Amino acid sequence: MNQDSNDTLPTPSAGAAIPGRRCGLIAIVGKPNVGKSTLLNALVGQKISITSRKAQTTRHRITGMRTVAQPDGTGTQYVFVDTPGFQTRHANALNRSLNKTVLGAVADVDLILFVVEAGSFTPADAKVLQLLGKQIPTLLIANKLDNVHRRADVAPWLAQMHKEHEFAEYVPMSAKNSGDIQRLLGICEKYLPEQDWWYDEDELTDRSEKFLASETVREKLFRLTGDELPYTSTVVIDKFEEEPPQRKGQKRLVKIAATIVVERDGHKAMVIGDKGERIKRIGTETRQELEKLMDAKVFIELWVKVRSGWADDEARVKSFGYE
Ligand SMILES: Nc1nc2c(ncn2[C@@H]2O[C@H](COP(=O)(O)OP(=O)(O)OP(=O)(O)O)[C@@H](O)[C@H]2O)c(=O)[nH]1
Ligand SMILES: [Mg+2]
């Protein structure tokens with residue numbers, strides 16, 4: 001069962017050049033936890049990709065669009081692709097699948113944003129960089145600049161990066177700074193070809209509401225369980241039903257049932273929490289966020305199931321919707 005049939009990139013329609021219109025694909029790539037999804041959300045202007053302070057949050061390719069249109073109909077459509085953090089450590093089935101997603105996403109893009117943490121370039125960063133072909137223009141995004149306590153340290157580090165690696169441009173910035181995001185949009189624009197837009201102006205993502213629902217549960221799970229819950233948990237949507245509004249002025253109703261799949265009985269107890277308190281909170285926070293995102297009234301029911309070893313099991317990883 002694939003949770004979303006949308007794990008593919010848009011197929012550019014023969015790319016007719018439209019004067020004054022630009023459109024293209026920009027992949028966001030890097031090791032886990034450097035801020036790729038935070039960057040995607042800021043560039044799109046709306047949260048569509050989940051984030052957390054733990055590594056391995058993103059597990060799918062997630063496309064987010066931003067269209068900057070001029071009154072005369074010209075302008076630029078940026079199609080950003082968020083990817084899982086590239087895994088260099090454990091080679092289980094889940095990680096192999098995540099890496100496959102990354103490699104698939106960088107193949108046919110116009111521009112790559114290679115994200116690292118400002119002031120740091122580790123062997124894990126080098127490994128990800130190695131995967132990227134030299135043919136596609138690549139920007140070094142030195143993110144989390146706001147975290148660098150001594151700004152004076154950044155200049156020599158950047159100089160070193162200039163010397164050792166050939167990027168199209170070097171961009172020290174913070175995904176949490178709106179001025180930096182505007183500047184980055186300006187930089188990206190010139191790498192996009194002149195052609196018509198692929199999506200409607202107001203489209204933000206090609207992902208379904210069902211997919212966003214499962215991701216939101218996963219984000220709350222990660223955020224509310226502290227460091228004790230390993231990353232080998234996942235979420236499966238068992239039911240996603242919509243009912244139209246009963247009366248005018250009311251919102252539609254979305255009924256969701258989801259199962260959180262964990263590896264061990266101990267993990268199940270952690271997710272449920274004392275007297276069911278934690279799972280209740282996961283449900284409440286998910287519902288509040290989805291009601292805003294979907295502009296609907298949401299009912300959500302959560303279950304927890306133990307499936308030991310699922311992340312090592314190729315077939316099971318596939319059955320949970322991974323590539
Ligand atoms: N201070 C600061 N924190 C940031 C910035 N960008 C992201 N973060 C934080 O870094 C953590 C990881 O962010 P994510 O966007 O989930 O990182 P990611 O690269 O998508 O992670 P994976 O999907 O696991 O590979 C979160 O706690 C973010 O709030 C930034 O510019 N400054
Ligand atoms: Mg991410």
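Let's start with one residue, E289. At 23% relative accessibility, E289 counts as partly exposed, because buried would mean under 20%. Keep E289 in mind. And keep in mind that this is a predicted model.

Who does E289 pair with? Its side chain meets that of K220 in a salt bridge, 2.6 Å from N to O. The two sit in distant parts of the chain. E289 is in helix α8, residues 277-294. K220 is in helix α6. They are 69 residues apart. And is K220 buried or exposed? K220 is buried, with a relative accessible area of 6%. Why can such side chains pair at all? Side chains of opposite charge can do so when their charged atoms come close.

This pair does not stand alone. K47, E219, K220, R223 and E289 are linked in a network of salt bridges. How many salt bridges does the count come to? The count is 19.

Let me show you two others. First, E215 and R218. Their closest N and O atoms are 3.0 Å apart. Both residues are in helix α6, which covers residues 209-224. They are three residues apart, so about one helical turn separates them. Here is the general point. An α-helix has 3.6 residues a turn, so residues three or four places apart point the same way. Back to our pair: E215 is buried, and R218 is buried too.

Second, E242 and R252. Their side chains meet in a salt bridge of 2.7 Å, N to O. E242 lies in strand β7, residues 234-243, and R252 lies in the loop between β7 and β8, so the pair ties together parts that are 10 residues apart in sequence. E242 is partly exposed, at 47% relative accessibility. R252, at 18%, counts as buried, because the limit is under 20%.

While we are on α8, look at Q288. Q288 is found in that helix. It is partly exposed, with a relative accessible area of 43%. Now find V298. Q288 and V298 are 10 residues apart in sequence. In space, their C-alpha atoms are 8.1 Å apart.

Now zoom out to the domains. The protein chain is divided into domain 1, residues 21-189, and domain 2, residues 209-319. Their centres, taken over C-alpha atoms, are separated by 27 Å. The contact takes 20 residues from domain 1 and 24 residues from domain 2.

How much area is buried between domain 1 and domain 2? About 1,800 Å². Carbon and sulfur atoms give 49% of that. On the domain 1 side, I50, K54 and R59 supply 34% of the area buried against domain 2. That is more than any other three residues supply.

What about charges across this interface? The count between the two domains is three salt bridges. Look at E314 and R96: their side chains meet in a salt bridge of 3.2 Å, N to O. There are also eight residue pairs in polar contact across the interface. Which helix gives the most to the side of domain 1 that touches domain 2? Helix α2, residues 93-106, with four residues. By class, that side has six nonpolar, nine polar and five charged residues.

Next, go inside domain 1. Helix α1 runs over residues 36-44 and is mostly covered. Seven of its nine residues are buried. They are K36, S37, L39, L40, N41, L43 and V44. What do these buried residues pack against? Five strands would be a long list to read out, so here it is briefly: their partners include β1, β2, β3 and α5. After α1 comes G45, whose phi is positive, near 90 degrees.Last stop: T138. T138 lies in strand β5, residues 138-143. T138 counts as buried, at 10% relative accessibility. A polar atom of its side chain lies 2.9 Å from the backbone oxygen of I136. Leaving out residues up to four places away in sequence, T138 touches I112, F114, L132, F167, A168 and E169.

Notes
Residues numbered from 1 in each chain as written. Chains lettered and ligands numbered in written order. Predicted model: local features only at pLDDT ≥ 70, side-chain atom pairs only at ≥ 80, totals over all residues. Heavy atoms only, no water. Domains from an automatic or database assignment. Contact = heavy atoms within 4.5 Å. Buried area = accessible area lost by both parts, 1.4 Å probe. Salt bridge = Lys/Arg side-chain N within 4 Å of Asp/Glu carboxyl O. Polar contact = N/O pair within 3.5 Å; in protein donor to acceptor, adjacent residues only side chain to side chain. Nonpolar A, V, L, I, M, F, W, Y, C, P; charged D, E, K, R; others polar. Buried < 20%, exposed > 50% of the residue type's maximum accessible area, 1.4 Å probe, protein only.
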